[in-house]
Amino acid sequence: MDTMGTMRRTHYSTALTTEMVGQEVVVAGYIAKSRDLGAVIFCDVRDTKGIIQINFNDECSAETFEKAKTLRTEYVIMAKGVVALRESPNDNIPTGKIEVKVNELKVLSKAETTPFEIKDDINVKDDLRLKYRYLDLRRSTAHEGLIVRHRLAKIARDYFDENDFVEIETPILVKSTPEGARDYIVPSRVQPNRFFALPQSPQLYKQLLMLSGYDRYMQIARCFRDEDLRADRQPEFTQIDIEMAYVDEIDIQTINEGFIKRAFKEVLDVDVQTPFMRMTYKDAMENYGVDKPDTRFEMKLCDITECVKNTEFVVFKNAISAGGSVRCIVAKGLADKLTRKEIDKMTDVVKTYGAKGLAYTRMTAENITSSFEKFLTEEEIKAIREKTGAITGDVIMVVASEDNDVVFASLGALRLAVAKKFELYDPNKFNFLWVTDFPLFEYDKEEKRYVAVHHPFTMPKEEDIDKIESDPGSCRAKAYDMVLNGVELGGGSIRISNPELQQKMFKTLGFTEERMQDSFGFLIEAYKYGAPPHGGMAYGFDRLCMLMGKKESIRDVIAFPKVQNASELMTGCPDVVEQKQLDELYIDLIEKK
């Protein structure tokens with residue numbers, strides 16, 4: 001193998017243009033493909049920017065030509081030559097009109113046959129790709145996700161800096177506090193039987209920074225949660241975290257709309273319209289069944305409880321008498337496409353969310369078929385038609401349950417499944433909105449107490465403050481989520497800055513005085529020394545990168561992601577450690593039964 005010697009790369013692949021024909025250049029990278037045609041050898045060289053074709057023919061030395069014959073995929077090379085026009089252009093790549101006619105070649109590193117081909121459209125199991133992630137990342141589509149991530153981080157820092165934010169790092173080793181998801185725990189060697197936690201967010205520290213006189217804070221922050229994984233979750237993730245003093249909800253929303261507008265313009269050349277639409281949590285649930293609605297298409301939920309309030313149909317009757325409801329969506333014009341077989345598939349969707357079944361009425365031009373109308377009176381059927389506005393060509397799909405949460409979740413998921421299946425929205429459209437006025441508390445049936453919907457430091461709406469102790473279930477929060485196409489990009493709230501009000505919150509959440517002081521005493525103490533009104537929000541940075549990069553999973557925008565069981569296949573972590581390390585931490589291992 002050769003050394004670089006005095007040869008140095010002069011250009012990345014995509015920097016070469018037709019205007020440079022005749023100019024001598026040096027390119028470097030991996031051999032993506034090699035084609036030996038006898039008198040001429042063509043190779044595609046892949047670098048971090050793209051692909052350039054290099055050409056070996058009778059104009060190069062015999063030594064160079066013989067060396068070119070040895071080239072195989074993933075060999076690392078450096079080649080000096082002259083830019084020339086290709087005889088057979090390739091319009092599929094930016095450099096497809098030119099090539100480099102090589103006169104000097106250096107093979108810097110040879111490569112064994114890779115476990116899978118390094119190309120964009122591979123059909124390989126994720127586990128294999130992630131085991132050899134360093135090979136997977138060579139693919140241009142993998143590069144794209146990380147380049148979007150890089151650009152977005154730079155835009156965030158520039159934008160918030162220009163708006164007087166200061167980036168301040170907060171600790172990674174922190175105090176474990178109650179509420180929220182499960183912490184990752186780190187044992188202390190120097191303080192036996194004491195533990196740090198890895199931060200789920202910088203929440204407490206950024207509030208304390210507001211009390212420290214920093215009016216505007218931001219951080220691209222690493223966060224950790226020990227929870228079950230799915231496509232858009234990782235045990236370690238990144239937030240764009242901000243906090244502002246002397247503001248209300250509109251101030252925070254406006255500054256963040258400005259960031260999104262700039263990011264989408266600079267990364268995607270998309271003009272985002274501001275201000276974003278605003279929708280209350282109540283309206284989102286009643287119309288879309290979820291607190292992060294996709295508004296690119298209609299098909300809103302319709303409450304038909306009143307239409308069948310006196311029905312003898314046992315499914316509807318039992319749901320209503322138990323305090324639940326009967327609601328539906330109408331798939332306009334889909335009666336011919338939503339066959340019985342397709343409706344059965346949709347039934348599986350709603351059952352995933354707790355529904356016992358899916359009732360339907362198909363109104364084709366030929367006839368009307370229904371799974372439930374034979375149990376209703378003519379008046380009830382007529383009332384449903386009028387309430388839903390259903391006409392020939394439509395399908396009414398109904399969920400009934402004594403638990404309204406099940407009704408909302410089932411129909412919300414069904415609505416999305418139908419829209420995706422039948423392509424009812426433009427995938428290139430970006431619909432942003434703010435969902436506001438979230439509940440302050442929700443009742444945890446397992447713990448038999450109220451818990452905070454966002455976190456214990458969220459300010460209630462002024463008109464609901466008097467109900468915190470007497471009627472917590474009806475309290476609304478000064479909280480808001482930014483939603484894009486049915487995905488929550490981030491959320492935040494105005495914080496409680498009054499120590500007495502904060503103690504009321506803790507009391508409603510079931511904290512004893514001792515637990516309150518042990519967990520949050522430092523924060524309660526800090527608020528006694530003067531606290532400006534403040535609030536903020538945090539974006540799921542990985543999720544934002546995923547959506548802007550048009551990727552299917554946040555794994556595609558994280559260099560070395562974890563898999564379903566929170567392990568990293570490439571390095572094999574988590575792994576065992578030496579007994580000496582365990583002894584230093586006073587840890588005894590027990591065998592899991």
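**Group meeting: a barrel, a hairpin and some empty space**

Hi everyone, let me start with one residue pair: leucine 85 stands opposite isoleucine 98 in S5. What you see is a predicted model, in which local features need pLDDT of at least 70 and side-chain atom pairs count only at pLDDT 80 or more, while totals for chains, interfaces and linings use all residues. Residues are numbered from 1 along each chain as its sequence is written, and side-chain values use heavy atoms, with hydrogens and water left out.

A word on terms. Helices (H or I, at least four residues) and strands (E, at least two) are DSSP runs, numbered from the N terminus, and two strands pair if DSSP finds at least two bridges between them.

So, back to the barrel. Strand S4, residues 76-85, runs antiparallel to strand S5, residues 98-109, and 10 bridges join them. Within S4, alanine 79 stands opposite leucine 105 in S5. On its other partner strand, alanine 79 in S4 faces valine 27, and S1 and S4 pair in the antiparallel sense over 7 bridges. Which order do the strands of the barrel follow? The 5 strands close in the order S1-S2-S3-S5-S4, with mixed pairing. From one strand to the next, the twist averages 55°; axes here are lines fitted to C-alpha atoms, for helices over the stretch in contact, and angles run from 0 to 180 degrees between N-to-C directions.

Helix H1 (residues 62-69) packs on this sheet, touching S1 (24-36), S2 (41-46), S3 (51-56) and S5, where contact means heavy atoms within 4.5 Å. The direction of H1 makes about 75° with that of S5.

Now to the empty space. On a 1 Å grid over the protein atoms alone, a cavity is a set of points where a 1.4 Å probe fits but cannot get out; a pocket is an open set with protein on both sides within 12 Å along at least five of seven lines, and lining residues have an atom within 4 Å of a point. Grid points are joined across faces, edges and corners, and a volume is the space filled by probe spheres set on the points.

The second largest pocket holds about 1100 Å³ of space. Its lining counts 40 residues, with Ala32, Asp44, Arg46, Ile51 and Ile93 nearest the centre. S1, S2, S3, S5 and helix H4 (140-162) are the elements giving two or more residues to that lining, and H4 provides the largest share, 4 residues.

As for cavities, there is 1 of 30 Å³ or more. The largest cavity has a volume of about 40 Å³, and Leu130, Arg133, Phe560, Pro561, Glu568, Leu569 and Met570 line it.

Further along the chain there is a hairpin to look at. Strands S20 (residues 479-484) and S21 (residues 487-494) pair in the antiparallel sense over 6 bridges, and methionine 482 has glycine 490 in S21 as its bridge partner. The hairpin has 2 residues between the strands, and asparagine 485 takes a positive phi near 50°. S21 also runs antiparallel to strand S22 (residues 534-540), joined by 5 bridges; there, glycine 492 has methionine 537 in S22 as its bridge partner.

Last, a charge over a ring: arginine 515 lies over the face of phenylalanine 511, at 4.2 Å from the ring centre. That label requires NZ of Lys or CZ of Arg within 6 Å of the ring centre and within 35 degrees of the ring normal. Lysine 49 lies over the face of tyrosine 12, at 5.5 Å from the ring centre. Thanks, everyone!
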